[in-house]
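Thanks for asking me to look this one over. My comments are below as numbered points, so you can read them with the structure open.

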Amino acid sequence: MAYHILLIDDETNLRQLTARYLTVEGYLVKEAERLKTASELLKNHAFHAVICDVKLPDGNGVDFSAQLKQQYPDTEVIVLTAYGNIQDGVRAIKSGAFDYLSKGDHQHQLLPLLQKACEKAALQFKVTQLEGKLDKQYGMESIMGQSQALLAAKTLARKVATTDAPVLLTGETGTGKEVFAQAIHYSSPRRHQPFIAINCSALSKDILESELFGHLAGSFTGASKDKKGLIEAADKGTLFLDEIGEMPIELQAKLLRVLESQTFTKVGDTQTRKVDIRI
């Protein structure tokens, strides 16, 4: 694939020479001599990588690269520093730049570095696209409807999604509680971690306890080996307990410890284990 590059440098001859060099190598290059021009190009085009000089007529390239990474996190930045000015280079890396090169001695190093930066950016673009598809399938966009009650529920769900607070979803059977649970998970910082659901009314007390908390081998008849429970499997992610009102009281008491302290004990075990889950 052809990678899109933005080249920012106020030295016209050097910029045009570099642009021609990269074009011959198959890159699609746009040029800017000022940060203002670069900003306009970034608004209207998606670039895999930006090559930016530090000293420009209307600003500092290192400061600009930090702003660029905040606005366009998938785009990689290579900063061109004054020859031997390591300080600018280090500051650029700390600001989120992919790497830096010393200007005047960068031509032979530029191509391999640019190739790596573009490959990383292309991968990031794909991840972002996949996340968008996930959001449409499972996130808030998947919840269709324009009624006042539904829009109010979505607004509240969006607010709680950014927190780690436990969430109680209420409603009649078929009103979409699991759909909302998934939407909250995929709109949260936990979206890359597991979303695990279990119907608490479908299992007996003993089986449900083993499914949730796990067990040690020999803890009861038929327990031939250690088993990881769903609470442990959902670590760093979200556990959705459907029909929680049907859970036996004894298990609700054990679940309270998980809610209060994020700790649990497997069936047949005495060791307390720590987890990081949202319920």
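1. Some vocabulary before the pockets: helices (H or I, at least four residues) and strands (E, at least two) are DSSP runs, numbered from the N terminus. Keep in mind that this is a predicted model, where local features need pLDDT of at least 70 and side-chain atom pairs count only at pLDDT 80 or more, while totals for chains, interfaces and linings use all residues. Residues are numbered from 1 along each chain as its sequence is written, and side-chain values use heavy atoms, with hydrogens and water left out.

2. Let's start with the largest pocket, at a volume of about 420 Å³. A pocket here is an open set of points on a 1 Å grid over the protein atoms alone, where a 1.4 Å probe fits, with protein on both sides within 12 Å along at least five of seven lines; lining residues have an atom within 4 Å of a point. Grid points are joined across faces, edges and corners, and the volume is the space filled by probe spheres set on the points. Of the 23 lining residues, Val167, Leu168, Leu169, Phe240 and Leu241 are the closest to the centre.

3. Which elements build that lining? α7 (177–186) and β9 (238–242) each supply at least two residues, and β9 gives the most, with five. By class, the lining of the largest pocket has 13 nonpolar, five polar and five charged residues. For that split, Ala, Val, Leu, Ile, Met, Phe, Trp, Tyr, Cys and Pro count as nonpolar, Asp, Glu, Lys and Arg as charged, and the others, Gly among them, as polar.

4. The second largest pocket has a volume of about 330 Å³. Its lining has 15 residues, and Ala153, Leu169, Thr170, Lys177 and Phe180 lie nearest its centre. Here α6 (148–161) and α7 each supply at least two lining residues, with the largest share, five residues, coming from α6. The class split for this lining is 10 nonpolar, four polar and one charged.

5. Phe240 also turns up in an aromatic pair. A search of the whole structure finds two such pairs; one is Phe195 with Phe240, stacked at 6.5 Å centre to centre and 20 degrees between the planes. The pair joins distant parts of the chain, with Phe195 in strand β8 (residues 195–199) and Phe240 in β9, 45 residues apart. The rule is that rings of Phe, Tyr and Trp (its six-membered ring) pair if their centres lie within 6.5 Å; planes under 30 degrees apart count as stacked, over 60 as edge-to-face and the rest as tilted.

6. Are those two rings buried or exposed? Phe195 counts as buried at 17% relative accessibility, and Phe240 is buried too, at 10%. Buried means under 20% relative accessible area, exposed over 50%, and partly exposed in between (1.4 Å probe, protein chains only).

7. Helix α2 (residues 35–44) has a buried side made of Leu35, Ala38, Leu41 and Leu42. They sit on the same side of α2 because they cover an arc of only 115 degrees around the axis, the arc being that of the directions from the helix axis to the C-beta atoms. The face turned away carries the exposed residues Lys36, Lys43 and Asn44. Covering the buried residues of α2 are, among others, β1 (4–8), β2 (28–32), β3 (49–53) and α3 (61–71).

8. α3 has a similar story to check. Its buried residues are Gly61, Val62, Phe64, Ser65, Leu68 and Lys69. Seen down the axis of α3, they fall within an arc of 155 degrees, so they line one face of the helix. Gln70 and Gln71, on the other side of α3, are exposed.

9. Two backbone spots deserve a look. Most residues other than glycine have a negative phi. Lys236, in the loop between α9 (230–233) and β9, has a positive phi near 75 degrees and is partly exposed, at 42% relative accessible area. Gln262, in the loop between α10 (249–261) and β10 (263–265), has a positive phi of about 55 degrees.

10. Finally, Gly89 is found in helix α4 (residues 86–94) and is buried, with a relative accessible area of 0%. Leaving out residues up to four places away in sequence, Gly89 touches Thr81 and Tyr100, where contact means heavy atoms within 4.5 Å.
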